[in-house]
Amino acid sequence: MPNRRELGYVSAGSTSTIPATTGYGVATGGTSSSITVSSVNYTLLSFTSDSNLVVSTAGLFDVLLVGGGGGAGGGNNVPEGGGGGGGGGVLDITSTTTIYLPAATYAVDVGAGGAGSVSNSVRGSNGLESSIGSIISVCGGGGGATARNQPEATPFAGSSGGGGAFSTTGAITVQPSVGFAGGNSTVANAGGGGGGAAGAGGNSAGTTGGTGGNGADISGFISGATYYAGAGGGGGASGTGGAAGNGGVAGKISGTGNNGVNYGAGGGSTTGVGTAGGSGAAGVVYVRFKV
C-alpha cells in the first residue's frame, strides 16, 4: 500500500512556525502565472509533475495540494459491480493554508493516480500522496473493492475511501479533514461509490451503483472557472452505473471502467468477468505568493 505519511503537516491558519511580521516570499518552479483573487495580485506556481520549488526569498506561501485519485475495482462474474476509487485529498478544502518557507530548494512530489483493478481478485490501487519536501503533504485516494467473498472485497482506505463491493462497507478516510468515506455495497450486483474530497460516496441500491463523492471546488485558490478536484468514482453495476459526483466519472455496466480526469479524481468501476476498473487521475500542487 502506498506511503501515507503526513510529515510536518501544517493545519490551516497555523502560525506556530511563522516568524512575527513576516511577509510573503518569492519562489520559482512549475508553471508560473499571474492571478488576482479578491482584488489581490499573486504569482501562482502550478506543479502537475514532480519538480523543485526554489524559494529565493524566505517568507509566507499559500499552498493547495491534491493527492492522486484511487483506482476502481474491476468486474466479476454474475456480473457483480466493483467499487469506485476514492478521490485524492484536497488540502485545505475549508480555508487557505499558509506556511513559512526559508530560502531553499524543496522537492515537490505530485501524487500519481492509482491503477484500476485488472482482475476479479485484486482491488484498485491507492493514489499516491502529494507533498512539498517534508514540510506538508496530503494522502491519495483509496482503491475500490472488486471481488466476491475474499479479502479483495474490502476497499482500501485513503484520503477518501474506496467504494465497497458485494455486501461490504466503503473504506474510511485516514485523513478526515481532506476527504470522506466510500459508499457501501448492499448486494452483489452493484458497488459503492468512492468517497470524494467534499462528500461521501453513495451506497449502491439494487442494481444501481453508488454515486461518486463530490470533489472540492478549488477555483477560489487558483482563480478562474469552477474546478472540482478529488472526486470519487461511481460504482459499477449490472443495471445502472453509479453517477458521477462533481468533477468525477460515472460507473459502468460493462467494459473497462472510466479513468478519472480532473486532478485527484478516482476511477469509475464496472461489471463483467475480469473487466478492469478505471484508473485514478494524478494530483496537483499549487503554491502562490502575493506580488
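Q: Helices (H or I, at least four residues) and strands (E, at least two) are DSSP runs, numbered from the N terminus. How many of each make up the secondary structure of the chain?

A: The chain has one helix and 13 strands. From the N terminus on, the elements follow the order β-β-β-β-β-β-β-β-β-β-β-α-β-β. Residues are numbered from 1 along each chain as its sequence is written, and side-chain values rest on heavy atoms, without hydrogens or water. The model is predicted, so local features need pLDDT of at least 70 and side-chain atom pairs count only at pLDDT 80 or more, while totals for chains, interfaces and linings use all residues.

Q: What is the mean pLDDT of the chain, and over which residues does pLDDT stay under 50?

A: pLDDT is the predictor's confidence in each residue, on a scale from 0 to 100. The chain has a mean of 87, with 90% of its residues at 70 or more. Residues 1-16 stay under 50. Where pLDDT is low, the predicted coordinates should not be read in detail. For residues 1-16 the model has 42 contacts (heavy atoms within 4.5 Å) beyond four places in sequence.

Q: Which elements supply the lining of the largest pocket?

A: Rolling a probe the size of a water molecule over the atoms shows where empty space is left. On a 1 Å grid over the protein atoms alone, with a 1.4 Å probe, a pocket is an open set of points with protein on both sides within 12 Å along at least five of seven lines, and lining residues have an atom within 4 Å of a point. Here β5 (59-66), β11 (216-217) and α1 (219-222) each supply at least two lining residues of the largest pocket. The lining has 15 residues, and Leu-64, Asp-92, Thr-96, Gly-220 and Phe-221 lie nearest the centre.

Q: With which strands does β5 pair?

A: Two strands pair if DSSP finds at least two bridges between them. β5 pairs antiparallel with β7 (residues 97-101) over five bridges, and Phe-61 has Ile-99 as its bridge partner there. Five bridges also link β5 to β13 (residues 284-290) in the antiparallel sense, with Asp-62 partnered by Arg-288. β6 (residues 90-91) is joined antiparallel to β5 by two bridges, and Leu-65 is partnered by Leu-91.

Q: Which residues stand opposite Val-54 of β4?

A: In a regular strand the side chains alternate between the two faces of the sheet. β4 (residues 51-57) runs antiparallel to β1 (residues 26-28), with three bridges, and antiparallel to β8 (residues 104-109), with five. Val-54 stands opposite Thr-28 and opposite Thr-105 in β8.

Q: Is Ser-46 buried or exposed, and which residues does Ser-46 touch?

A: Buried means under 20% relative accessible area, exposed over 50%, and partly exposed in between (1.4 Å probe, protein chains only). Ser-46, in β3 (residues 40-47), is buried because its relative accessible area is 17%. Ser-46 touches Gly-30, Thr-31, Val-285 and Tyr-286, not counting residues up to four places away in sequence. β5 is mostly covered, with eight of its eight residues buried. In the chain, buried residues make up 56% of the 291 residues.

Q: Where is the place of Thr-186, and what is its relative accessibility?

A: Thr-186 is in the loop between β10 (136-138) and β11. Its relative accessibility is 45%, so Thr-186 counts as partly exposed. The C-alpha atoms of Thr-186 and Gly-164, 22 residues apart along the chain, are separated by 8.8 Å.
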